[in-house]
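Grab a coffee and open the viewer. Let's work through a few exercises together, one step at a time.

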Amino acid sequence: GGWTDVNIFAKGAGGAVVNAAINHYVTGKLETVDAEDSIPARTTEREGLSVEYHSDLPSGSGLGTSSALNVVWLSLVKSQIVSDDDRAQIAELAYQLEEMIGILGGKQDQYGSAFGGFNSMTFGEKVEVERLNPTSEFAQELESRLVLCYTGKPRLSGNIHENVWGAFRRGVPETVNALYALRECAVHIRTALLDVDMGAFADIMSQNWKNQKALDPSVTNAQIETLFQIAEEAGSIGGKACGAGGGGCLLFCAAKGCQSALSDALSLAGARVIPFQFDFTGLQVKRENA
C-alpha cells in the first residue's frame, strides 16, 4: 500500500498501508554538555546539547531510515514515551518537519518506526493505526521465508515522487489506477496476515510490485528486473521493492525451504542480503542517571 500514505492522494481518496518493523535501528543519544567545555568563554552562560545518531542500514535503502532518524531526535527532545498517543504525536511531528523542509513523501515510515510491530494504517485527514497481532508461529514462518536484499544502489525517491505525483495530477490513467490498486493490496494483505495465509501474502506482494511499476517507469530498472528474474528462478513466490523503488532494497518471499538458495542466488548476483527479525517494541527512550 505504499504511496497511498502521501497526502496528495490520501487526503482526497484515503490511503491504506500495512507495514512491519524490523530489528535494524536508528539509535541516538542526547547529552547535556558543560558550556565551559564545549563553547567559547563568551557564551558560558548557555548550556549545550550534543545529539549523536547511528544506523546499521545503508543510506537510500527504502526502509524508512531517514524518517526513523527524525522520530529518534524528536523523541530525545520529548524525553518520555509512555503511550501510543506519545508515539503518534512524535510520528506526526516528524512528518510535519519533513513536509516543512520540502520532502515529498508519506507518513508510514514515521508511524511504523514509532509504533513497531505489524500495523495496518489508514490515512486521510488523520492517521488511524491498527496494531495487527499475527500468531508467533506465522511471524516466525515469515522470518524464515522472507529475504531482504540491498541492490547496492540508493534510490532517489525525490525524483520518482515528482514523476509519480506529476502524472497523478495530470490524471494519467495508469498512475491513478495503480494508486487505487495499491490501496487494495494493503486491505488484502491485512486479511492474509490475520488469516495466516502465506500463499495469499506472497501473491499480494507480487500484485503490489506490479502496481508499483505501473506508477512510473522510473520505479524499476534493468538491474532490479534482473534480480527479480534471478529470485524467481531460485524459488521466490512473491516480491516487491521497498520504499519508492528505483534502487534501495527489495523483499522476496521464498517457497518453503528455499530461503537459503534464494539468498545465495541474490548474493551471487551482487545484492547484499540483510538478515532480520521483526521488532515489536518500536520507539524506546531511556533516561540514564548521572
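Below are three exercises on this predicted model, each with a worked solution.

**Exercise 1.** Work out the strand order of the open sheet and find its edge strands.

*Solution.*
- Start with the order: the three strands run β1-β4-β5, with antiparallel pairing.
- Next, look for strands that pair on one side only: these are β1 (15-20) and β5 (127-132), so they are the edges by the way strands are paired here.
- Now zoom in on β1 and β4 (residues 118-123): six bridges join this antiparallel pair.
- For a landmark, pick A16, which stands opposite T122 in β4.
- Finish with the twist: neighbouring strands of the sheet are turned by 20° against each other on average, ignoring direction.

**Exercise 2.** Which helices lie across β1, β4 and β5, and at what angles do they run?

*Solution.*
- Take helix α5 (residues 108-115): this helix lies across the three strands and runs at about 145° to β4.
- Then take helix α8 (residues 173-194): α8 also lies across β1, β4 and β5, but its angle is given against β1, at about 40°.

**Exercise 3.** Decide whether M100 is buried or exposed, and say which surface patch M100 helps to make.

*Solution.*
- Place the residue: M100 sits in helix α4 (residues 84-100).
- Check its relative accessible area, which is 65%. Exposed means over 50%, so M100 counts as exposed.
- Look at its partners: M100, I101 and I103 make a nonpolar surface patch of about 350 Å².

Definitions and conventions
Residues numbered from 1 in each chain as written. Predicted model: local features only at pLDDT ≥ 70, side-chain atom pairs only at ≥ 80, totals over all residues. Heavy atoms only, no water. Patch = residues over 30% accessible without salt bridge, like charges linked within 9 Å, V, L, I, M, F, W, Y side chains within 5 Å. Areas by Shrake-Rupley, 256 points an atom, 1.4 Å probe, with all protein chains shown as cover. Salt bridge = Lys/Arg side-chain N within 4 Å of Asp/Glu carboxyl O. Helix = DSSP H or I, 4+ residues; strand = E, 2+ residues; numbered from the N terminus. Buried < 20%, exposed > 50% of the residue type's maximum accessible area, 1.4 Å probe, protein only. Pairing = 2+ DSSP bridges. Axes fitted to C-alpha atoms, helices over the stretch in contact; angles between N-to-C directions. Contact = heavy atoms within 4.5 Å.
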